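Q: Please take a close look at one loop and the charged pairs that hold on to it. Then set that part against the rest of the chain.

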Amino acid sequence: MEITAAVHHIPTNLTSKWPQTKPQFLNFTSSTALPKPTSKNIPLFLAHCSTKPNTNKETTEENYSGGASLPDSRIQPEESTPAPTPTSIPPIPSNSLLSRGLIFDLGPDNSWDSVEIGSPVVKRYLGDEEERWYMWYHGRSGENPESDSIGLAVSSNGIHWERGTGPVRSNADVGLVMGSSQDWWAFDTHSVTPSEVVIMSSNKVRANSGVYWMYYTGFSSEKVQSLPNSPPIPKSLPGLAMSQDGRHWARIEGDHHSGALLDAGPEGEWDSPFLASPQVVFHGSGDLRMYYHSFDVRNGEFAVGVARSRDGIRWVKLGKILGAGPGGSFDECGAVNARVLRKNGKDGKYTMVYEGVGANGKRSIGMAVSLDGLKDWTRVQDNPVLEQSGDGGWDCEGVGYPYLVQMDGETEEMRLYYRGIGKGGRSGIGMAVAQGSGSYVFRRWTGFGL
């Protein structure tokens, strides 16, 4: 089955705040296309759809309905279902040493993301006269502090974000977009966190334009043991959902009986406890790679593995590609939450940023590179490219969940989005910047004069 990534530009005659235009189906680049809204709902036609309530196993135009249905294509909210008013919460003033790098704080009281945020998946869309950014991330509320949900925020510059305090109700809205499954048998009944969003066209999905594919981590109520002498954690597996606007999602069942795309390995395999953070990179037509992590019980380390697919739904594991660093290093207990970017340019190298786990539990961000993205991953340096701040900063307790965005321009700027943890476990999303080809020095954002 042939599968391609979609690329497009935003038109100059904009008629709405967040227009969407028809993509061209080209070879993959760092920019990603947005599906085109049409005059009527266009359902996704898939081989397998989730049997979650309000989502049908056999999806057709006549019977596709319910909470997971695809949105009306109109940009403005429907009068009958007014959308909650989004709130724009600016970052704490960047001249404060304690808030350096913080671009996205917790939501207001009683919002869906008021207790915790993290797992940023950041996409930049370019046009002739504007740029716009989408960020999917996980959040927790005070009403359900043990369960993560997925939300969407939007921006014009990747720095100042507009967010919503409640569920999304139209395809011009922002806020909560996906929660845990209500199916007792599913792999994601406890929590969901985003890992990657790719816009692709596939002959398995019949639509007039490219479709958003969200790869996410689903957590169930089943508990598994990871680190010795640590409490068990909810078992996780990789999942897939699809959308035509990035806001209204339909779960897609994988081959596993729980609906997951892949199962954990059998006893004795390095990935036997769980699979987490399934980030997918489009390498070429019929060639997608999934990077995920697990805990290698035999070697006592967290590690990153890779799987390969022709259609983005059925996957074949290829094995472990990055384990723990040497004794005394910042990642001597392993690597988790890896995010891989295929860089634009002559070399086209694959760059991986990952959350390194130290012996004392400290979390820092490391980087590795590979020529083909499958093997021979080499750490770029012995030290982390970003570590926790000092002096009581907002991220003084640890940094992780990294996500790379390659910018255009002569400076060859790279943006590193990440989740930071501060005093009392308070979380936020930050950004650091590196400039110059091959630069591994990331500095926390302090303003546009950086």
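**The loop and its charged partners**

A: Lys317 is partly exposed, because its relative accessible area is 29%, and the class runs from 20% to 50%. This is a predicted model. Start with the partner of Lys317. Lys317 forms a salt bridge with Asp271, and the closest N and O atoms are 2.9 Å apart. Lys317 belongs to strand E17 (residues 316-322), while Asp271 sits in the loop between E13 and E14, so the bridge ties together parts 46 residues apart in sequence. Asp271 is buried, at a relative accessible area of 3%. The bridge therefore joins a partly exposed lysine to a buried aspartate.

The loop has another charged pair. Lys235 and Asp263 form a salt bridge, with 4.0 Å between the closest N and O atoms. Here the lysine lies in strand E12 (residues 233-243) and Asp263 in the loop between E13 and E14, so parts 28 residues apart in sequence are tied together. Which partner is buried, and which is partly exposed? Lys235 counts as buried, because its relative accessibility is 16% and the limit for buried is under 20%. Asp263 is partly exposed, at 32%. In this pair the lysine is the buried partner, and the aspartate is partly exposed. In the Lys317 pair the lysine is partly exposed, and the aspartate is buried.

Now the loop itself. Gly268 is found in the loop between strand E13 (250-252) and strand E14 (276-284). Gly268 has 44% relative accessibility and so counts as partly exposed. The C-alpha atoms of Gly268 and Val297 are 8.1 Å apart in space, with their positions 29 residues apart in sequence.

Next, charged pairs elsewhere. Side chains of opposite charge can pair when their charged atoms come close. A search of the whole structure gives 24 salt bridges. One of them joins Asp331 and Arg379, whose closest N and O atoms are 2.8 Å apart. Asp331 lies in the loop between E17 and strand E18 (335-342), and Arg379 lies in strand E21 (residues 378-379), so this bridge ties together parts 48 residues apart in sequence. Asp331 is buried, with 1% relative accessibility. Arg379 is partly exposed, at 26%. There is also a network: Glu116, Arg140, Asp148 and Arg419 are joined by salt bridges that share partners.

A charge can also sit over a ring. The charged end of Arg163 does this with Phe104, 3.9 Å from the ring centre.

Now the aromatic side chains. A pair of aromatic rings is described by the distance of the centres and the angle of the planes. The count of aromatic pairs comes to 14. Tyr125 and Tyr134 have ring centres 5.3 Å apart and planes at 75°, so they make an edge-to-face pair. Tyr125 is buried at 1%, and Tyr134 is buried at 0%. Trp136 and Tyr212 also form an edge-to-face pair, with 6.1 Å between centres and 65° between planes. Trp136 lies in strand E6 (residues 131-140) and Tyr212 in strand E11 (residues 211-224), so the pair ties together parts 76 residues apart in sequence. Trp136 is buried at 0%, and so is Tyr212, also at 0%. Together with Trp249, these residues form one aromatic cluster: Tyr125, Tyr134, Trp136, Tyr212 and Trp249.

Step back to the whole chain. The protein chain has zero helices and 25 strands. Of its 450 residues, 59% are buried. Take contacts between residues at least 6 apart in sequence: 57% of them join residues at least 24 apart. The accessible surface is about 18800 Å², and 47% of that belongs to carbon and sulfur atoms.

Last, how far does the predictor trust the model? The protein chain averages a pLDDT of 80, and 74% of the residues score at least 70. Two stretches call for caution. Over residues 6-86, pLDDT stays under 50, and the model has 201 contacts there beyond four places in sequence. Residues 88-95 also stay under 50, with 17 such contacts.

Technical notes
Residues numbered from 1 in each chain as written. Heavy atoms only, no water. pLDDT = per-residue confidence, 0-100. Contact = heavy atoms within 4.5 Å. Helix = DSSP H or I, 4+ residues; strand = E, 2+ residues; numbered from the N terminus. Buried < 20%, exposed > 50% of the residue type's maximum accessible area, 1.4 Å probe, protein only. Phe/Tyr/Trp six-rings, centres within 6.5 Å; stacked < 30°, edge-to-face > 60°. Lys NZ or Arg CZ within 6 Å of the ring centre and 35° of its normal. Areas by Shrake-Rupley, 256 points an atom, 1.4 Å probe, with all protein chains shown as cover. Salt bridge = Lys/Arg side-chain N within 4 Å of Asp/Glu carboxyl O.
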